[in-house]
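This report covers side-chain packing in a protein model. It begins with a contact between two helices and then turns to the nonpolar cores.

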Amino acid sequence: PSCASCWKYNKCYNIQQSSRKIVRHHPAITAMASLYTIKGICILDNDGERVLCKYFDESYPTVKEQRAFEKNFFKKAHRANAEIIMFEGITCVYRSNVDLIFCVFGSSNENELILGSVLSALYDATGIVLRDSIEKANLLESFGQILLIIDELVDGGIILETDPNVLAKTSNETGSEKSGPLGDNKSMARAMDQASSFFKRTILS
């Protein structure tokens with residue numbers, strides 16, 4: 001059947017990437033699993049040391065494995081003349097500034113544009129909070145706010161929000177919503193609702 005026909009029965013979805021169109025056929029359950037897009041977010045210094053890292057799955061379950069991945073990524077990023085590298089079955093997009101390197105990574109078959117949108121949101125929101133002075137010392141002074149940005153950006157691997165202004169504003173708020181964890185049902189409903197909205201805007205348009 002045509003793409004339009006099989007989409008009607010939830011048997012395929014379209015991804016527009018750069019100037020080419022990729023059509024992938026998956027069962028519905030695999031499409032749902034693809035909501036878990038982000039494997040991790042890292043901010044490293046110019047020596048490759050961890051400043052702030054958060055992992056969202058079990059690809060690197062121990063601190064030792066995480067540190068080894070970060071060191072490997074840092075070495076490859078310094079050798080590569082690009083903003084994206086692939087290794088160990090992982091796709092990494094990254095951006096450097098002064099003495100920091102921001103990295104967002106997903107699986108090897110992940111849409112680079114999706115990863116890039118998360119990276120841009122993180123970097124731009126950080127710039128707003130740090131008043132465009134994105135340096136290690138300044139980031140450490142605002143560590144809690146940057147951590148909140150990441151929490152609002154991605155939850156359990158699901159992309160929630162990519163507007164840097166919204167992320168920066170939220171990180172500055174200290175309302176009752178941040179005084180304790182959200183209930184499981186409320187958190188999941190919010191995650192699925194925002195993830196659905198994001199994917200409709202980014203992938204299915």
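## Contact of helix 4 with helix 7

In this predicted model, helix 4 contributes Ala121, Asp124, Ala125, Ile128 and Val129 to a contact with helix 7. On the side of helix 7, the residues are Pro164, Asn165, Leu167, Ala168 and Ser171. By class, the contact holds seven nonpolar residues, two polar and one charged.

The axes of helix 4 and helix 7 come within 8 Å and cross at roughly 50°. Angles from 35 to 65 degrees fall in the oblique class, so helix 4 is oblique to helix 7. The crossing of these two helices is right-handed.

## Largest nonpolar core

The largest nonpolar core comprises 30 residues, and Ile38, Ile41 and Phe102 have the most contacts inside it. Two or more residues come from each of strand 3 (40-45), strand 4 (50-55), strand 7 (100-107), helix 4 (112-129), helix 6 (143-153) and helix 7 (164-172). Helix 4 gives the largest share of this core, nine residues.

In soluble globular proteins, nonpolar side chains tend to be buried together.

## Surroundings of Ile41

Leaving aside residues up to four places away in sequence, Ile41 touches Leu52, Cys53, Lys54 and Phe56, and also Cys103, Val104 and Phe105. Further contacts of Ile41 are Val118, Leu122, Ile150, Leu153 and Val154.

## Second core

A separate second core has 17 residues, among them Cys53, Phe73, Phe74 and Phe105. Of these, Cys53 and Phe105 are also contacts of Ile41.

Notes
Residues numbered from 1 in each chain as written. Predicted model: local features only at pLDDT ≥ 70, side-chain atom pairs only at ≥ 80, totals over all residues. Heavy atoms only, no water. Core = buried A, V, L, I, M, F, W, Y, C linked by side-chain atoms within 4.5 Å. Buried < 20%, exposed > 50% of the residue type's maximum accessible area, 1.4 Å probe, protein only. Helix = DSSP H or I, 4+ residues; strand = E, 2+ residues; numbered from the N terminus. Contact = heavy atoms within 4.5 Å. Axes fitted to C-alpha atoms, helices over the stretch in contact; angles between N-to-C directions. Parallel < 35°, antiparallel > 145°, perpendicular 65-115°, else oblique. Left-handed = near helix turned anticlockwise from the far one by under 90°. Nonpolar A, V, L, I, M, F, W, Y, C, P; charged D, E, K, R; others polar.
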